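User: Could you walk me through how to read the features of a model like this one? I'd like the general idea each time, then the case at hand.

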Amino acid sequence: MKDCTPTGDCHFNKFRRPLYFHGMLLDDKDFRDEQEYHSKKRRLLNRMLHGSGVVCGLLFAKSDENTITMSCGLALDCAGQEIYVPSDVTFPVPVPDKEPKNPCAPKQGGKKICYRIRIAYTEEDTDFEQIHLPGGGCDDKTCKPTRKREGFCIKFDECECPETRKPAECKDLTVGFHQPVTCGCGCDCTCGADHWVSIGTMHVADGKIVGDPTYDCRDYVFSGQMLKQLFTQVPPPTDDCACPDQFERFKELLSLICKTAERTTTTEHRLVEDQGRLNSINTSVQKLTLSMEGRLKDLYNKYDELKPHVAMSSALPATTPEPSTEETSGKPKRGKKTNPEDSGG
């Protein structure tokens, strides 16, 4: 136990546990205080750790055109109270008033009405016993309950049917990620006297069910209040007909994560392929460079071999052949005529 010294700054909350000692005189208030301590502390943890919504079960099935059956299950309301349904329960759907409040209003026969199905925690006194009034006579008696029985209530709220939901984008899902986790409806819950939990939607026309009940606008419990805040609007909707959609947002976020993972894997494969192509290009460039270097060395060697011959040919005098007489006179050289007589003829 922390020792609060004058130099410390200590504060205390409203929770107080009874401390018993030998010989202590106990009355009903002491036992009530002990029960309230544990129940309020449990509800505080339910509210802060889990939030409100359906934990499991509470599934719908259309019994006939006038009734639906809800399976067993568990839900938590925003006050942290457990709404436990131990077995399947069947209940009728709302029937429109035969006599409208306004007789001049036009008839709306056949109109399809959207109802939000909600469930709430309730309790009642039971096991009454007669007791004598304090200070009264022998005949002065009254009845007092000796137990509290817990239960649940179902109601149908007429609401506008939710519009066809558009898949959320990544920027919509990350709203509130940078904000700290709040205490939901407050550390000392003030979300109203009746803590109804939305568990589904149903369409009714003329007192008959249209189609099958759906789980649209169903409120769920995640592993913690933080998850619920991340996947719902910030601040959460407070309208009675607001449509909680954190479960759909959670599925969409998982889908986006899967798509991102697939794209990452594809990108990695492409990077590996591109890296292989780049390595192949680098290898080809290296081979070409080595080939060019070899050719340049061969050219340098050829040049070194031809260099002495080039030097010798440049040292010799240049000689030009003398032109012939024919070339200088431009006339052909004629032969000397001979006398036939001289030749012995």
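Analyst: Sure, and let's start with a yardstick for exposure: a residue is buried under 20% relative accessible area, exposed over 50%, and partly exposed in between. Keep in mind that this is a predicted model.

User: Good. How many helices and strands does the protein chain have, and what share of its residues is buried?

Analyst: The protein chain has five helices and ten strands. Buried residues make up 22% of its 345 residues. As for the surface, the chain exposes about 26400 Å², with carbon and sulfur atoms supplying 55% of that.

User: What about contacts across the sequence?

Analyst: Take the contacts in the protein chain with a separation of 6 or more: 67% of them are between residues 24 or more positions apart.

User: On to charges. What's the idea behind a salt bridge?

Analyst: Side chains of opposite charge can pair when their charged atoms come close. In this model, a search of the whole structure turns up nine salt bridges.

User: Which residue does E124 pair with, and how far apart are the closest N and O atoms?

Analyst: The partner of E124 is R149, and their closest N and O atoms are 2.2 Å apart. This pair links distant parts of the chain, with E124 in strand β7 (residues 112-132) and R149 in strand β8 (residues 141-158), 25 residues apart.

User: Are E124 and R149 buried, exposed or partly exposed?

Analyst: Use the yardstick from the start. E124 has 36% relative accessibility, so it counts as partly exposed. R149 comes out at 47%, so it is partly exposed too.

User: Which residue forms a salt bridge with K148?

Analyst: That's D125, with the closest N and O atoms 2.7 Å apart. Here again distant parts of the chain are linked: K148 sits in strand β8 and D125 in strand β7, 23 residues apart. K148 counts as exposed because its relative accessibility is 54%, while D125, at 36%, counts as partly exposed.

User: And a pair inside a helix?

Analyst: Look at D274 and R277, whose closest N and O atoms are 3.8 Å apart in a salt bridge. They are three residues apart in helix α4 (residues 246-315), so about one helical turn separates them. D274 is partly exposed, with a relative accessible area of 41%, whereas R277 counts as exposed at 53%.

User: Which residues are linked in a network of salt bridges?

Analyst: R118, K155 and D157 are linked that way.

User: Now strand pairing. In which sense do strands β1 and β4 pair?

Analyst: Strand β1 (residues 53-57) pairs with strand β4 (residues 73-76) in the antiparallel sense, over four bridges. To find the register, note that G57 stands opposite G73 in β4. Strand β4 also pairs with strand β5 (residues 82-85), antiparallel over four bridges, and there A75 stands opposite I83 in β5.

User: What joins β4 and β5?

Analyst: They form a hairpin with five residues between the two strands, and G80 in the turn has a positive phi of about 85°.

User: Last one: how many disulfides are there, and why is C56 not bonded to C72?

Analyst: The disulfide count comes to zero. A disulfide needs cysteine sulfur atoms within 2.5 Å. The closest cysteine sulfur to that of C56 is in C72, 7.7 Å away, so the two are too far apart for a bond. C56 counts as partly exposed, with 43% relative accessibility, and C143 is partly exposed with a relative accessible area of 45%.

Definitions and conventions: Residues are numbered from 1 along each chain as its sequence is written. This is a predicted model: local features need pLDDT of at least 70, side-chain atom pairs count only at pLDDT 80 or more; totals for chains, interfaces and linings use all residues. Side-chain values use heavy atoms; hydrogens and water are left out. Buried means under 20% relative accessible area, exposed over 50%, partly exposed in between (1.4 Å probe, protein chains only). Contact means heavy atoms within 4.5 Å. Accessible areas come from the Shrake-Rupley method with a 1.4 Å probe; for residues, only the protein chains shown count as cover. A salt bridge is a side-chain nitrogen of Lys or Arg within 4 Å of a carboxyl oxygen of Asp or Glu. Two strands pair if DSSP finds at least two bridges between them.
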